[in-house]
Amino acid sequence: MATANPISDVTPPPVPSGVELLVLAASMPPDQLETVLSRLSEVLPTDRLLIAAPDLPAPEAYPALRMIASPATKSSWTLTASDYVNAAELARKNHAHAILMLGPESSSLSATALQHLARTVSTTGTDLANPLYQLSPNAGLVNSAILYPLTRALFAQRVRFPLAIDHALSLRMAERLGAVGQRYSGLNQGDAIIWPVNEAAFTGYAIQEVEVGPRVIPQPIEFDLNAILALVAGSLFADIDAKAAFWQRARTLPSARTPAQQQRPSETAADIAPMLDSFRLAYTNLREIWSLVLPPNSLLGLKRLSTTDATTFRMPDNLWARIVFDFLLAYRLRTINRGHLLGALTPLYLAWVASHINITASGTDPERHIEEVAAAFEADKPYLVSRWRWPDRFNP
Amino acid sequence: MRYIFACIIQTDPYQSSQPVTIDSSSIWHHMSDALYQSLYRVLSLLIAILPGILAFFIALVVFTVLGMMLSALLRRGLAWAKFDDRLTRYQVSTEWTPSHSPTELVARASFWGCLLLGLIIGVSAFDASYATGTTLPISLLPYLTHAVGAILLLVAGNLIARFLARTVLIGAVNAQLQYARFLALGVKWLVLVVTAAMILDHLQIGGNVVELAFGILFGGIVLTLALAVGLGSRDLVSRSLESHAERSSERSVMPPPAGSTGTGEKLRHF
């Protein structure tokens, strides 16, 4: 771990009044941090740049950069409440105008991407610049299945990656997220997930999506799909529940962006047999639990799927939308224990993944299918709103 | 005829035969006396405990009405003070909050609290009149308390059994265990057996027989499961322990595996 030399013959640059951009880097290996610092130095003016990181290199290596140590937080695969609290505090202390938060593995972001993210907030008046990653078709599946469609349908935001691990924030956006994170930190829940896109939409702040190209996405250490899906989906459901008064009003979705031609790496189709086995086993054993949450139409659709051959396995988009909405309603109404509810969602999500793989293997563009799924969520929003306002405890 | 009987039952044959006469009407008289006395005792007992029964019902009704009034007052007062909004503003963790609003919960708790108090007072009044109305050293209140405790044990045991069974079922299904349903059923019945043993012990029914039977049954089930897991899935357990040891040796955020963006079939859910 590098420590600052208190007696140095290198004179640090004069401290300007206020900082234009505060870069808050997550804990990462020294070589990755040096790569990030080099790229930032290339594309951004260093005189009004402040770098904050838990483990800093020696100041002699970057004499033009001003660096301060940030509080070390628990290493996580995504940004947590503690990260936003630290960002807000550092921004306030150093009078930063904009904040660029970089998660683990951010050395895979190009210099241009870093520049675009930073400049979007500092020059266009945007409060939240969210990155649009260029990922392989088999990556970010939870985001494609649940997070993006729900965010688009309910908060009317075309943000492809609502749970991004890099953000550029304005000072007021950072303070808003810091206040939200403080509530969690005060309850000793510093690892809680915060949803910046939802907060920005709720507060009426400007959001913009920035294409950043390919990025290496870090994975959770102890990868238990059941636990992590429950954590992420549960956090999003709770946030949606808290902002019910906002998203129930009809809102206009921004026009679709024209994506740049992205060369996605082609991948061979993944084996869907284990996922189908998991779904069929769950249908046999969890049907009674699903019947407490899902209406008869959805159960009938699942019954048909359970007998469908692997080669023709397709989950209709509106069925998946209804399933997610019904689980969201059951989460709110506490129809069953929330831990059980989110555990029962995992096999259904795997069924959607298997269907998505089949559809993309047949030649359909993965992004086109995901946009169709999101459109199905939008089309079924009135169903969610009506059941939310008049919860009928149906008992089929 | 009576004379003959008297001679037969004469004990001393050397005594001069003295004629012994028995009045048959006295037997019926004694019998009817006994009946009248027992009837008198029971009726006296009933009359003695009637005020206690009346006190029980009056206490129950009065406290039920009080509970309803208190519940309505609390509901209106808390709604006026916006108790729900204040609570949810500072409440972040929603995992264990009640399914109904906090106002409703407080109102219902106050109603049931008053009802329970009325029940206790009524039973206590009934018990007092019962104890004074009879010479038997039996007090009804402790046994009723045990019965209420047994009912609470039964309810709690059922809830815990169902919760654990559902948890095991979902976990086993997500772990792709084919015998998930049997596992869940086994867990449920284990908990129910423990609950039944606790209830019988609480009611002091069966004594050592119940304890012994439960110990043998439960110990047998656990031993069977241990043998089944230990002998039947040795390889699975050792593989699981090895993979857990490998995972725990990695102490930082895992980068994605090399080559997964190009040619791999690996799915990444996040």
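1. The C-alpha centres of domain 1 and domain 2 of chain A lie 32 Å apart; the assignment, an automatic or database one, places domain 1 at 19–222 and domain 2 at 273–389. This is a predicted model, in which local features need pLDDT of at least 70 and side-chain atom pairs count only at pLDDT 80 or more, while totals for chains, interfaces and linings use all residues. Residues are numbered from 1 along each chain as its sequence is written, and chains are lettered from A and ligands numbered from 1 in the order in which they are written.

2. On confidence, chain A averages a pLDDT (the predictor's confidence in each residue, from 0 to 100) of 87, with 90% of the residues scoring at least 70. Over residues 1–16 of chain A, however, pLDDT stays under 50.

3. Between the domains, 10 residues of domain 1 of chain A are in contact (C-beta atoms, placed from the backbone, within 7 Å) with 12 residues of domain 2 of chain A.

4. The largest nonpolar core (buried Ala, Val, Leu, Ile, Met, Phe, Trp, Tyr and Cys residues joined through C-beta atoms within 7 Å, where buried means that 20 or more other C-beta atoms lie within 10 Å of a residue's own, C-beta atoms being placed from the backbone) has 139 residues, of which L22(A), V23(A) and I99(A) touch the most other members. Because domain 1 (19–222) and domain 2 (273–389) of chain A both give residues to this core, it lies between them.

5. Beyond its neighbours within four places in sequence, L22(A) has contacts that include L50(A), L90(A) and I99(A).

Technical notes:
Contact = placed C-beta atoms within 7 Å. Buried ≥ 20, exposed ≤ 12 C-beta atoms within 10 Å, placed from the backbone.
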